[in-house]
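This briefing is meant to be read beside the sequence and the 3D structure. Please keep both in view while going through the points.

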Amino acid sequence: MAAIIPCHYCSSLSISKLPRSHIPWGNISHVNAAWWSRQLSLRCSLKSSQKAQLHNKLNEKLFPFKEYAISIALAVGLVTGMPFVDWSPNAYAANPAMPDLSVLISGPPIKDPGALLRYALPIDNKAIREVQKPLEDITDSLKVAGVKALDSVERNVRQASRSLEQGKSLIISGLAESKKDHGVELLDKLETGMDELQQIVEGRNRDAVATKQKELLNYVGSVEEDMVESFPYEVPEEYQSMPVLKGRATVDMKVKVKDNPNIDECVFRIILDGYNAPVTAGNFLDLVERHFYDGMEIQRADGFVVQTGDPEGPAEGFIDPSTEKTRTIPLEIMVNGEKSPFYGTTLEELGLYKAQTRLPFNAFGTMAMARDEFESNSASSQVFWLLKESELTPSNANILDGRYTVFGYITENEDSLADLKVGDVIESIQVVSGLNNLVNPSYKIAG
């Protein structure tokens, strides 16, 4: 089995181990990318000349900038949990090469996987979003201790109910014609459910709020999905013959947990988002149907990510029986405001420093593809789930966004990811829904 842990040389260059004098502040975005790439790459592929080049870059004396200092502090925090300290007396130098952090972080990052998936749908209907927003805000309202939280929740519910009453006709007009009857039925259930939530709040039953909120947001998400008539863009011609997920799919991953008296097995529900990463999600779903991951061990679990997908033998990815070659897929990044993803190039390489990814590394259990650090289009079968808290990886200040393809989130039992260890076994991954959205499935081809 090919190694997935960085080699000793790479491990020794961990930012958390570098003395302050060795942190190249002036080129921090490059170093962050290189360091995290080593952590998430398929295997260490540094040649001697490349190692020397990297070592030289790490020892260059470069100008410090405020944004770079913040970026490295985020990186150090991810590794060591250290608070940010401004180590440089010139950290407020003018003319930063990166945009101001206030531009990058426009508010608390959304870290609920369900909310991220709802906001990532390719729709433009203000009326349904105005219903959704106060229902999402109930999560923050419940952070207040005791029954005092219910006063804020009541305001959220009243705002959502008012928005639904005022915007219902606009919501219905936004439904896809073929899905309109289903969407109207869901809206009726949503309306009834909000009345029930209002009664829960008036009865001061705090414990029942979160369950009802989840139910209502599921209705909202389903209504929003009913607004999508068809897949909204064409995948580039060079990838059209590959397995492509034109929509979304849900899978359950069952993991056998070893040597843990508190948990024997766990089922993780995963939603794959083909609207924003159709080639990547399609590739994974195709491998699921081939039972590629069934019986495979968890191969990395270090507190930063959980990773698997490296098959036994010298290959580091899936060998397509029809070609007898490793099937690779491109880097695939959807950006807010764009109609289709960028392929084969990181956002940093495109100079899109302010761009916000549609599927950010915000949620515990964010699912993404591992790849070779020097080749954007080298992903094949190795996947990882992020474990770090999103406060240290806010949207678009996160050094992973735009460099690795996110194609889904764990939406149930994601907290149990932290219990997984190297050697735990994926017993099965089974499709729950959405298989009909997969086009060009190679698993149906004999051989």
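What follows describes the chain as a whole, then its open and enclosed spaces, and then one helix.

The model is a predicted one, and its chain of 447 residues has 53% of them counted as buried. The chain carries 12 helices and 14 strands, and the largest pocket holds about 1,600 Å³ of space.

**The chain as a whole**

- Among the contacts in the chain with a separation of 6 or more, 77% join residues that are 24 or more positions apart.
- The area that the chain exposes comes to about 20,200 Å², and carbon and sulfur atoms supply 49% of this area.

**The largest pocket**

- The lining of the largest pocket is made up of 49 residues, and those that lie nearest its centre are Asp112, Pro113, Gly114, Ala115 and Arg118.
- By residue class, this lining of the largest pocket divides into 18 charged, 16 polar and 15 nonpolar residues.
- Helices and strands both take part in the lining, since at least two residues each are supplied by α6 (113–119), α7 (126–141), α10 (209–225), β2 (248–256), β3 (265–273), β12 (406–412) and β13 (425–433).
- Which element gives the most to the lining of the largest pocket? It is α10, with 8 residues.

**Enclosed cavities**

- The count of cavities of 30 Å³ or more comes to 3, and the second largest cavity has a volume of about 80 Å³.
- The second largest cavity is lined by 13 residues, with Ile333, Met334, Thr357, Leu359 and Val406 lying nearest its centre.
- The lining of the second largest cavity comprises 6 nonpolar, 4 polar and 3 charged residues.

**Helix α7**

- Helix α7, which also supplies at least two residues of the lining of the largest pocket, has 16 residues that should span 22 Å at 1.5 Å a residue, and because its end C-alpha atoms are 23 Å apart, the two values agree.
- The buried residues in α7 are Ala127, Ile128, Arg129, Val131, Gln132, Pro134, Leu135, Glu136, Ile138 and Ser141.
- What covers these buried residues of α7 includes α6, α8 (149–173), α9 (180–202) and α10; of these, α6 and α10 are also named among the elements that each supply at least two residues of the lining of the largest pocket.
- As background for reading such a list, an α-helix has 3.6 residues a turn, so residues three or four places apart point the same way.

How values were computed
Residues are numbered from 1 along each chain as its sequence is written. This is a predicted model: local features need pLDDT of at least 70, side-chain atom pairs count only at pLDDT 80 or more; totals for chains, interfaces and linings use all residues. Side-chain values use heavy atoms; hydrogens and water are left out. On a 1 Å grid over the protein atoms alone, a cavity is a set of points where a 1.4 Å probe fits but cannot get out, and a pocket is an open set with protein on both sides within 12 Å along at least five of seven lines; lining residues have an atom within 4 Å of a point. Grid points are joined across faces, edges and corners, and a volume is the space filled by probe spheres set on the points. Helices (H or I, at least four residues) and strands (E, at least two) are DSSP runs, numbered from the N terminus. Ala, Val, Leu, Ile, Met, Phe, Trp, Tyr, Cys and Pro count as nonpolar, Asp, Glu, Lys and Arg as charged, and the others, Gly among them, as polar. Buried means under 20% relative accessible area, exposed over 50%, partly exposed in between (1.4 Å probe, protein chains only). Contact means heavy atoms within 4.5 Å. Accessible areas come from the Shrake-Rupley method with a 1.4 Å probe; for residues, only the protein chains shown count as cover. The expected span of a helix is 1.5 Å times one less than its number of residues.
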